[in-house]
Amino acid sequence: MTEFLATGVLPDEYQQLAKTVRDFAQSVVAPVAARHDAEHSFPYEVVEGMAEMGLFGLPFPEEFGGMGGDYFALCLALEELGKVDQSVAITLEAGVSLGAMPVYRFGTDAQKQEWLPQLASGRALGAFGLTEPGGGSDAGATKTTARLDNGDWVINGSKQFITNSGTDITKLVTVTAVTGEHDGRKEISSILIPVPTPGFTVEPAYDKVGWRASDTHPLTFQDVRVPEENLLGERGRGYANFLRILDEGRIAIAALSTGAAQGCVDESVKYAREREAFGQPISRYQSIEFTIARMEARAHTARTAYYDAAALMLAGKPFKKHAAIAKLVASEAAMDNARDATQIHGGYGFINEFPVARHYRDSKILEIGEGTSEVQLMLIAREVGL
Ligand SMILES: Cc1cc2nc3c(=O)[nH]c(=O)nc-3n(C[C@H](O)[C@H](O)[C@H](O)COP(=O)(O)OP(=O)(O)OC[C@H]3O[C@@H](n4cnc5c(N)ncnc54)[C@H](O)[C@@H]3O)c2cc1C
């Protein structure tokens with residue numbers, strides 16, 4: 001079923017989806033990307049457009065309001081959006097893979113019926129809060145607590161850097177919290193917090209270097225009460241379940257990164273053909289040609305890596321190592337290509353209205369979010385038996 005992923009030649013329905021999202025990215029996203037970035041404003045009109053196209057429902061069954069596609073379809077959409085505007089792409093990535101997917105994977109029927117139709121339609125956004133002020137890589141160090149009291153979970157603590165948590169359409173934040181202790185080890189569970197809920201505060205947005213049109217906030221919880229039924233998945237499985245979500249999410253981030261790496265190639269080819277220096281287009285200089293050829297090789301390698309990881313995941317085979325490899329090489333490809341593309345653009349590459357300048361600022365977080373490069377290396381090392 002997924003043999004095509006090994007050949008890189010996509011069946012018609014995937015090609016059609018990629019083309020539709022590419023056209024949308026060019027005609028709707030690109031014209032407003034620089035303005036939203038400059039104003040640090042959330043692109044509601046773009047998100048509405050993506051919702052109308054069904055992008056938030058891509059990997060979910062139709063019975064939950066989804067498009068009946070798969071995770072690879074989501075990845076293709078992220079690659080196309082990532083070429084043009086990483087803020088928009090991460091809004092979709094976080095909304096689907098962190099906001100809605102945990103409910104789909106681990107929710108009860110009632111939780112799925114309540115949340116998925118809203119989240120899959122894009123009318124509502126979900127967020128996932130794992131990272132805390134004290135640490136992100138060491139997710140087991142969670143300090144936020146949830147204790148049962150009269151049939152309610154009472155949640156106290158804080159989360160840091162949570163994407164999509166403070167928009168006007170954010171309706172759900174799922175958090176990991178310590179719900180007990182066994183044999184000296186923390187019991188960590190996931191809990192659904194509808195927005196708004198008394199005691200739950202969305203703190204002011206960060207002033208970020210990149211992804212400036214995406215929504216990121218610290219969150220605090222002071223005696224936040226939600227019903228006992230809001231436990232997501234088994235009690236004590238919150239950490240393990242979230243690791244599964246992160247494994248998948250790494251393929252999605254690799255796809256977004258591939259888009260960013262390819263966007264830098266496309267912009268550089270266009271610019272190098274037009275820009276003249278010393279009496280001829282700079283594309284005629286071999287050092288420029290070679291730089292762009294290397295950028296294309298990086299983008300291609302990144303794409304191959306995420307196709308490979310997606311093929312294993314869709315075939316139901318172990319994919320942890322492949323997802324970590326894809327995230328590692330694709331995020332590095334994006335950052336390296338952004339640096340090279342900026343160099344090729346000369347001074348214009350340092351001016352924000354040029355897409356490569358945005359990629360230069362945006363790409364760094366790809367090597368940090370959803371597991372830093374060091375965390376990917378740790379996972380790969382473990383998988384090869386170290
Ligand atoms: C814009 C943005 C959006 C985000 N969105 C979300 C979100 O929606 N939900 C969420 O939960 N989190 C989110 N995050 C948090 C992100 O996932 C974390 O920042 C990331 O996992 C790193 O955690 P940290 O910042 O605590 O760094 P730390 O874990 O403190 O790491 C600091 C440095 O130490 C290195 N390091 C740590 N441990 C080791 C080790 N054992 N060996 C070698 N090196 C190590 C790291 O690689 C890194 O270089 C977001 C962050 C940003 C900036």
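**Exercise 1. Find which residues line the largest cavity of this predicted model, and say which element gives the most to that lining.**

Step 1. Start with the residue list. The lining of the largest cavity is made of Pro 102, Phe 106, Phe 128, Ser 190, Leu 232, Asn 241, Phe 242 and Ile 245.

Step 2. Now assign elements. α5 and α7 are the elements that put two or more residues into this lining, and α7 gives the most, with three.

Step 3. Sort the lining by class: six residues are nonpolar, two are polar and none is charged.

Step 4. Check the volume. The largest cavity holds about 40 Å³ of space, and the structure has one cavity of 30 Å³ or more.

**Exercise 2. Work out how much space lies in the largest pocket and what lines it.**

Step 1. Get the volume first: about 1100 Å³.

Step 2. Next, look at the wall. There are 42 lining residues, and those nearest the pocket's centre are Thr 131, Ile 368, Gly 369, Glu 370 and Gly 371.

Step 3. Map the wall onto elements. At least two lining residues come from each of α5 (86-106), β3, α7 (238-274) and α11. α7 gives the most here, with seven residues.

Step 4. Split the lining by class, and you get 22 nonpolar, 10 polar and 10 charged residues.

Step 5. Finally, ask what sits there: the largest pocket is the space taken by the ligand.

**Exercise 3. Describe the shell around the ligand, then pick out polar contacts to its oxygen atoms.**

Step 1. Count the neighbours. The ligand is surrounded by 21 residues, with Thr 131, Gly 136, Ser 137, Thr 372 and Glu 374 the closest.

Step 2. Trace them to elements. β1 (125-129), β3 (152-163) and α11 (373-383) supply at least two shell residues each. β3 gives the most to this shell, with three.

Step 3. Do the class count again: nine nonpolar, nine polar and three charged residues make up the shell.

Step 4. Go through the contacts, using a cut-off of 3.5 Å between N or O atoms:
- Ser 137: a side-chain N or O atom is 2.6 Å from a ligand oxygen.
- Glu 370: a backbone N or O atom lies 3.5 Å from an oxygen of the ligand.
- Glu 374: a side-chain N or O atom is 2.7 Å from a ligand oxygen.

Step 5. Finish with the cover. On its own the ligand has 980 Å² of accessible area, and the protein covers 64% of that.

Technical notes:
Residues numbered from 1 in each chain as written. Predicted model: local features only at pLDDT ≥ 70, side-chain atom pairs only at ≥ 80, totals over all residues. Heavy atoms only, no water. Near = heavy atom within 4 Å. Polar contact = N/O pair within 3.5 Å; in protein donor to acceptor, adjacent residues only side chain to side chain. Areas by Shrake-Rupley, 256 points an atom, 1.4 Å probe, with all protein chains shown as cover. 1 Å grid on protein atoms, 1.4 Å probe; cavity = no way out; pocket = protein on both sides within 12 Å on 5 of 7 lines; lining within 4 Å. Sits in = over half its atoms within 2 Å of the grid points. Helix = DSSP H or I, 4+ residues; strand = E, 2+ residues; numbered from the N terminus. Nonpolar A, V, L, I, M, F, W, Y, C, P; charged D, E, K, R; others polar. Points joined across faces, edges and corners; volume = space filled by probe spheres on them.
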